[in-house]
Amino acid sequence: MITNGFTYVAVLLFMAAVLVSLEKSAKGALAKFFKFIPAVVLCYLISMLLCTFKVWDLAATKPAYSNLKNNLTYAMVFAMLLRCDIRKIIKLGPRMLIGFFSASITIMIGFVIAFVIMKGFIGSDAWMGLGALCGSWLGGSGNMVAVQSALNISEADMGYALVIDSIDYSLWVVFLLWAINLAPKFNKWTKADTTELDAVSSRLADDAKANTKQISFQSLILLIGISFLVSAVGSNIGTWLNKTLPFLDKATWTILFITVLGLCGAVSPLGKTAGSSEVSNLLLYSVICLLASRASLTELTDAPAWIITGFIILAIHGVLMLLICKLLKIDLFTGAVASLANIGGTASAPVLAGSYSGSLVPVGILMALMGYVIGTPFGILTANIMRIFA
């Protein structure tokens with residue numbers, strides 16, 4: 001049993017490194033396996049398995065976990081947001097923005113209704129785990145971690161959230177990819193006009209080609225240094241804001257403050273620094289492994305009820321999106337990518353967008369990046385709404 005904090009962290013990072021390397025070099029059947037179960041999910045599951053089999057002593061390694069989790073989370077949120085240039089997102093046009101926020105709102109409604117229906121089976125405290133999952137399904141894994149940090153959600157509840165995130169989400173991706181074949185009939189049914197969509201896609205593709213900067217040692221150490229400094233300063237600012245304006249706790253103030261700094265950094269020269277995606281992913285994998293390392297699979301006895309809850313959320317979201325697309329004459333591409341940009345984030349939205357047309361990949365990326373902005377605050381909001389009905 002591992003009792004040394006550094007050894008505990010080293011094992012987690014090495015495991016993540018092995019899984020990411022396997023995913024990047026995978027071919028044939030292994031590549032298909034990673035397509036359905038990506039490395040980030042395996043990191044969580046294997047960390048939970050190691051915790052279940054007591055590979056490390058939870059009490060002895062707790063100081064290392066406590067000192068790293070929140071600080072790395074804050075640094076990750078900042079680095080993640082550096083890719084989100086608000087000026088480019090505006091270019092998506094009103095229809096894209098309407099589609100995206102329609103998906104966001106219907107997902108939030110789905111969470112609240114599903115919680116009310118299922119709280120007798122998953123527990124009245126399930127609003128916390130569902131709140132973290134809502135952060136993920138509005139933005140990405142980083143938002144889930146941020147909401148978990150802000151609401152002080154237990155690792156066990158995070159385990160339930162991951163179960164829904166991996167199983168229900170995977171089936172939703174498969175369904176949306178299958179629905180591509182229905183695009184002509186769907187667009188005819190909604191009477192959607194795709195002329196504006198094609199024009200926006202062309203402009204975004206040109207913008208993406210213009211950024212040709214290479215990742216360097218200088219860019220990586222700059223991003224890591226600034227992200228860590230923002231994390232340290234943000235934590236102190238969060239404490240001060242909590243004392244001055246106590247209606248929000250320290251963690252929530254810290255996350256909101258760092259979100260503002262990240263958005264400001266994205267429209268500055270720092271936002272054009274190559275490597276922000278790599279740095280944020282490095283921090284994300286580190287935090288995911290840390291979180292899962294405190295969750296034992298023996299605590300997941302109620303997983304089936306949680307999986308059903310996830311399907312209820314997706315069913316409500318899907319039906320409401322169909323009605324909105326019909327009412328506002330939104331095409332299938334916009335509706336489907338808006339849905340997956342929220343639920344799947346940058347990992348899957350570009351894949352779905354590219355399945356329609358290669359030139360539309362930038363639209364999927366930018367819609368997913370927009371989810372990073374709203375994921376944390378909207379996830380916290382949804383969690384607090386669910387708490388009212390607990």
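The expected span of a helix is 1.5 Å times one less than its number of residues. I wrote that rule down before anything else, and I also noted that what I am reading is a predicted model.

**Entry 1: helix H9.** I looked up helix H9, residues 155-178, and counted its 24 residues, for which the rule gives a span of 34 Å; the C-alpha atoms at its two ends are 34 Å apart, so the expected and the computed values agree. I then asked how many of the residues of H9 are buried. The helix is mostly covered, with 18 of its 24 residues buried.

**Entry 2: the whole protein.** I stepped back to the whole chain and found 18 helices and 0 strands. Of the 390 residues, 53% count as buried, and the protein exposes about 17100 Å², of which carbon and sulfur atoms supply 69%. When I took the contacts with a separation of 6 or more, I found that residues 24 or more positions apart account for 84% of them.

**Entry 3: helix H3.** I applied the same rule to helix H3, residues 39-52, whose 14 residues reach 19 Å from the first C-alpha to the last, close to the 20 Å expected. Among its buried residues I noted Val-40, Leu-42, Tyr-44 and Met-48. Which elements cover the buried residues of H3? My list includes H1, H2, H4 (58-81), H9 and H14 (276-292), and H9 is the helix I had looked up in my opening entry. Just after H3, I saw that Lys-54 takes a positive phi of about 55°.

**Entry 4: a nonpolar patch.** On the surface I found a nonpolar patch of about 440 Å², made by Phe-14, Val-18, Leu-22, Leu-30 and Phe-33. The elements that give two or more residues to this patch are helix H1 (5-25) and helix H2 (29-36), and H1 gives the most, with 3 residues. The spacing of the numbers made me recall a general point: an α-helix has 3.6 residues a turn, so residues three or four places apart point the same way. I also checked Leu-30, which has its place in helix H2. Why is Leu-30 called partly exposed? Its relative accessible area is 37%, and partly exposed covers the range between 20% and 50%, so the label follows.

**Entry 5: Ser-25.** Next I turned to Ser-25, which is found in helix H1. At 48% relative accessibility Ser-25 counts as partly exposed, because a residue has to be over 50% to be called exposed. A polar atom of the side chain of Ser-25 lies 2.8 Å from the backbone oxygen of Ser-21.

**Entry 6: two buried residues.** I looked up Ser-339, which lies in helix H16, residues 332-343. Ser-339 has 3% relative accessibility and therefore counts as buried, since buried means under 20%. Leaving out residues up to four places away in sequence, I listed what Ser-339 touches: Ala-103, Trp-172, Leu-176 and His-317.

My last residue was Gly-364, in helix H18, residues 361-388. Is Gly-364 buried or exposed? At 0% relative accessibility, Gly-364 counts as buried. I also noted that the C-alpha atoms of Gly-364 and Ala-349 are separated by 5.0 Å, although these two residues are 15 residues apart along the chain.

Conventions: Residues numbered from 1 in each chain as written. Predicted model: local features only at pLDDT ≥ 70, side-chain atom pairs only at ≥ 80, totals over all residues. Heavy atoms only, no water. Patch = residues over 30% accessible without salt bridge, like charges linked within 9 Å, V, L, I, M, F, W, Y side chains within 5 Å. Areas by Shrake-Rupley, 256 points an atom, 1.4 Å probe, with all protein chains shown as cover. Salt bridge = Lys/Arg side-chain N within 4 Å of Asp/Glu carboxyl O. Helix = DSSP H or I, 4+ residues; strand = E, 2+ residues; numbered from the N terminus. Buried < 20%, exposed > 50% of the residue type's maximum accessible area, 1.4 Å probe, protein only. Contact = heavy atoms within 4.5 Å. Polar contact = N/O pair within 3.5 Å; in protein donor to acceptor, adjacent residues only side chain to side chain.
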